Amino acid sequence: MRFLLIIIFIFPDIVFGQVNNDLHIKMNNEGDSLSLKSHFLNAAWSVQSRTFFMSTLNEGSLKDDYTLATGAGIGVMTDPFHGFQLGLNGYFTFELFSSDIELPDSTTNSPNRYEIGLYDLTTPGNTKNLDRLEELYLKYTYSKSSVLFGRFNINTPFMNPQDGRMRFTLEEGAWLSIRQSDKIGLNGGWIWSVSPRSTMNWYSTGRSIGLYSSGVTPEGTKSNYSGNVSSEGIAIANVFYKPFKNWKINFWNGFVENVMNTAMLEIYTERKDSKRKIDIYHGLIFLHQDAINYGGNSNQSKTYISKGAQSNVISVQVGFKNKKFNSNINYTHITGDGRYLMPREWGREPFYTFLPRERNEGFGNVHALMVKSAYTSPKGKFKSSVAYGYYKLPDIKNYRLNKYSIASYHQIDYEGSFLFSNFFKGFELRSLIAYKFNAGENYDNPKYIYNKVNMINFNLVLDFKL
């Protein structure tokens, strides 16, 4: 990162496209040299804002919460100069009003799980002074390929934006994308720093693991890996191949230095049924994960993944779609070999059965079934979807396979969005209602219910992008 700053401030003519004296372009009546000022005026500027209301209603006397947050940011992407561009983006967040989201539930003494995530989880009392330099990168593009260096965001099975709060997860590192062919391509890089969703600071790869709730160890004691994981970074590699029309094969590998390695294969196919005027599609994911060395710390009471641990996951999808409707049925099985683990600070799980407001990361011996149907209006301004999922998890006291003490549950999600036009063009209104209800044994203990099951979570989001 320091190297990038040196380039920007010592050699601005390279970064911003300041040209040599022998290269001239007519800009205005005052002269024809391309100036730094004129280059910025011609850059691609962006403005964005988000206003987010969230509320959670829990069972009986368990604590309910609500909050309304707003925020805005500005970004710039310079014009290409010999393939080089600079990207810069910053954002602030501010609380308008809230319940006492920083206080735990009085019955269970458990902290708020959802609304606090609109701000900074690491400083629960701070909901006003929140700002973050989100992107600062140098990009070089050649034909259809590119390389990034600095702070940016990527979307992979292991690290992704998980855009369900005010701001999303960002990474710092180097990222390469080679797409010279339409049939085969490569993505990958090395990430050494992360700014997780619901935080304002940047953390080294190892320090970023454990900022969120860390659950329990396989022996049932409180996990103690926060701040104790040793890792220099994560290497992510992706090769995609399209052997036939409407076929795509994706291979991903995530190597978290000194912690674990995760390999994932995804096969996606699609075919047209001209008689019924629909597209029928299928997806298959297989994932295998192994601990490396001691899983992040030689002291097994402070490690992220136990020495010698492994997990296996299979996820399948079948669906059909046309211009208006898209429906699918999905199934995921995490085997009983061990917990599937991936730091929640880095992103959401890649399986087809994922529904917003809950995850199956941290569990083993899981059977998940999810059906979803979505509708898009003819002009694409209105979208809505309804999904139902049943998630059969191990017993809460089976600590080896149940990291977060969540019982089996049902979940129903409704999502909707509307794009405004004319005077309000650029605004989008989105909603999410998630209802979770218990389907397992909770041993009459409210701490296994609060913000986990028998609850409903409301979200209303107004986005503006220019």
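Two strands are said to pair if DSSP finds at least two bridges between them, and helices (H or I, at least four residues) and strands (E, at least two) are DSSP runs numbered from the N terminus. The model on your screen is predicted, so local features need pLDDT of at least 70 and side-chain atom pairs count only at pLDDT 80 or more, while totals for chains, interfaces and linings use all residues. Residues are numbered from 1 along each chain as its sequence is written, and side-chain values use heavy atoms, with hydrogens and water left out.

Select residues 325–334, which are strand 14, together with residues 366–376, which are strand 15: ten bridges pair them in the antiparallel sense, and S327 has S373 of strand 15 as its bridge partner. Now add residues 382–392, strand 16, which runs antiparallel to strand 15 and is joined to it by ten bridges; here K372 has A387 as its partner. Strands 15 and 16 form a hairpin with five residues between them, and in the turn G380 has a positive phi of about 80°.

Next, select Y225 and Y304, an edge-to-face aromatic pair (ring centres of Phe, Tyr or Trp, the last by its six-membered ring, within 6.5 Å; planes over 60 degrees apart), whose centres are 5.0 Å apart with 90° between the planes. Both residues are buried, which means under 20% relative accessible area (1.4 Å probe, protein chains only).

Finally, show R344 and Y404, where the charged end of R344 sits over the ring, 4.0 Å from its centre; this term requires NZ of Lys or CZ of Arg within 6 Å of the ring centre and within 35 degrees of the ring normal.

Notes
Rings of Phe, Tyr and Trp (its six-membered ring) pair if their centres lie within 6.5 Å; planes under 30 degrees apart count as stacked, over 60 as edge-to-face and the rest as tilted. Buried means under 20% relative accessible area, exposed over 50%, partly exposed in between (1.4 Å probe, protein chains only).
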